[in-house]
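Trainee: Could we go through this structure together? I would like to begin with the strands and then turn to pockets and individual residues.

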Amino acid sequence: MKKTQDVFERHMRAVDTLNASNVAEDYSDDALFSTPEKTYRGKSEILEFYTGFLPSFEGFQFHTIKQETNGKVVYFVWNGKNEHIDIQLATDTYIIENGKIQQHTFAAVNN
């Protein structure tokens with residue numbers, strides 16, 4: 001079984017590709033992904049989110065504020081910007097089970 005930190009690191013590498021299909025592969029088929037706007041249910045809805053979300057991140061200068069793994073939970077705080085967006089503060093929490101993201105929450109404050 002893959003360790004929680006390994007799954008998170010694989011997920012971050014997938015995000016760096018800006019390829020929504022690569023990112024969605026990290027989620028279980030019945031995963032939940034909650035944002036302030038909507039809860040996405042299942043891999044296909046999560047893929048739709050990333051298809052719209054990732055293109056804005058081309059050239060993004062990313063800065064990790066905190067990343068902590070405890071058991072099956074990853075807490076991640078970050079910020080960054082590019083010519084399209086300026087994120088003052090963002091937070092993600094991942095619950096990882098059986099080598100896949102089972103639950104994920106995300107919120108961000110944009111400048």
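Trainee: How do β3 and β4 pair, and over how many bridges?

Mentor: In this predicted model, strand β3, residues 61-70, pairs with β4 in the antiparallel sense, over 9 bridges. Within that pairing, H63 stands opposite N79 of β4.

Trainee: How many residues lie between β3 and β4 in the hairpin?

Mentor: The hairpin of β3 and β4 has 2 residues between the strands, and G71 in the turn has a positive phi of about 60°.

Trainee: And what about β4 and β5; in which sense do they pair?

Mentor: β4 and β5 pair in the antiparallel sense, over 8 bridges. They too form a hairpin, with 4 residues between them. As an example of a bridge, V73 has I95 in β5 as its partner.

Trainee: Back to G71 for a moment. Which side chain reaches the backbone oxygen of G71?

Mentor: That is the side chain of T4, at 2.9 Å. T4 lies in helix α1.

Trainee: Is T4 buried or exposed?

Mentor: T4 counts as buried, because its relative accessibility is 12% and the cut-off for buried is under 20%. Setting aside residues up to four places away in sequence, T4 touches T69, G71, K72, V73, V74 and I96. V73 is thus named twice here: as a contact of T4 and as the bridge partner of I95.

Trainee: Next, the loop between β4 and β5. Where is N82 found?

Mentor: N82 is in the loop between β4, residues 73-81, and β5, residues 86-97. At 15% relative accessibility, N82 counts as buried.

Trainee: What lies 2.9 Å from a polar atom of the N82 side chain?

Mentor: The backbone oxygen of E58 lies at that distance from a polar atom of the N82 side chain. In addition, the backbone nitrogen of I85 lies 2.8 Å from a polar atom of the side chain of N82.

Trainee: Which residues does N82 touch, not counting those up to four places away in sequence?

Mentor: N82 touches S56, F57, E58, G59 and F60 on that count.

Trainee: Let us take S56 from that list. Where is S56 found?

Mentor: S56 is in the loop between α3 and β3. With a relative accessibility of 27%, S56 counts as partly exposed. Apart from neighbours within four places in sequence, S56 is in contact with N82, H84 and I85.

Trainee: How many residues apart in sequence are S56 and E83?

Mentor: S56 and E83 are 27 residues apart in sequence, and their C-alpha atoms are 8.9 Å apart in space.

Trainee: Changing topic to pockets: what volume does the largest pocket have?

Mentor: The largest pocket holds about 350 Å³ of space. It is lined by 20 residues, of which M12, V15, F57, F62 and W78 are the closest to its centre. F57 also appears among the contacts of N82.

Trainee: Which elements supply at least two residues each to that lining of the largest pocket?

Mentor: These are α1 (4-16), α3 (42-53), β4, β5 and β6 (100-110). The largest share, 4 residues, comes from α1. By type, the lining of the largest pocket divides into 15 nonpolar, 3 polar and 2 charged residues.

Trainee: What about the second largest pocket; how much space lies in it?

Mentor: About 190 Å³ lies in the second largest pocket. Of the 13 residues in its lining, F53, I87, F106, A108 and N110 are the closest to the centre. Both α3 and β6 supply at least two residues of this lining, and β6 provides the largest share, 4 residues. The lining of the second largest pocket divides into 9 nonpolar, 3 polar and 1 charged.

Trainee: One last matter, the backbone angles. What is phi of L18?

Mentor: Phi of L18 is near 60°, a positive value in a residue other than glycine. Most residues other than glycine have a negative phi. L18 is placed in the loop between α1 and α2 (20-24), and L18 is partly exposed, with a relative accessible area of 33%.

Trainee: And what is phi of N98?

Mentor: Phi of N98 is near 55°, again a positive value in a residue other than glycine. N98 lies in the loop between β5 and β6. With a relative accessible area of 66%, N98 is exposed.

Note on methods. Residues are numbered from 1 along each chain as its sequence is written. This is a predicted model: local features need pLDDT of at least 70, side-chain atom pairs count only at pLDDT 80 or more; totals for chains, interfaces and linings use all residues. Side-chain values use heavy atoms; hydrogens and water are left out. Buried means under 20% relative accessible area, exposed over 50%, partly exposed in between (1.4 Å probe, protein chains only). A polar contact is a pair of N or O atoms within 3.5 Å; within protein, one must be able to donate a hydrogen and the other to accept it, and residues adjacent in sequence count only if both atoms are side-chain atoms. Contact means heavy atoms within 4.5 Å. On a 1 Å grid over the protein atoms alone, a cavity is a set of points where a 1.4 Å probe fits but cannot get out, and a pocket is an open set with protein on both sides within 12 Å along at least five of seven lines; lining residues have an atom within 4 Å of a point. Grid points are joined across faces, edges and corners, and a volume is the space filled by probe spheres set on the points. Ala, Val, Leu, Ile, Met, Phe, Trp, Tyr, Cys and Pro count as nonpolar, Asp, Glu, Lys and Arg as charged, and the others, Gly among them, as polar. Two strands pair if DSSP finds at least two bridges between them.
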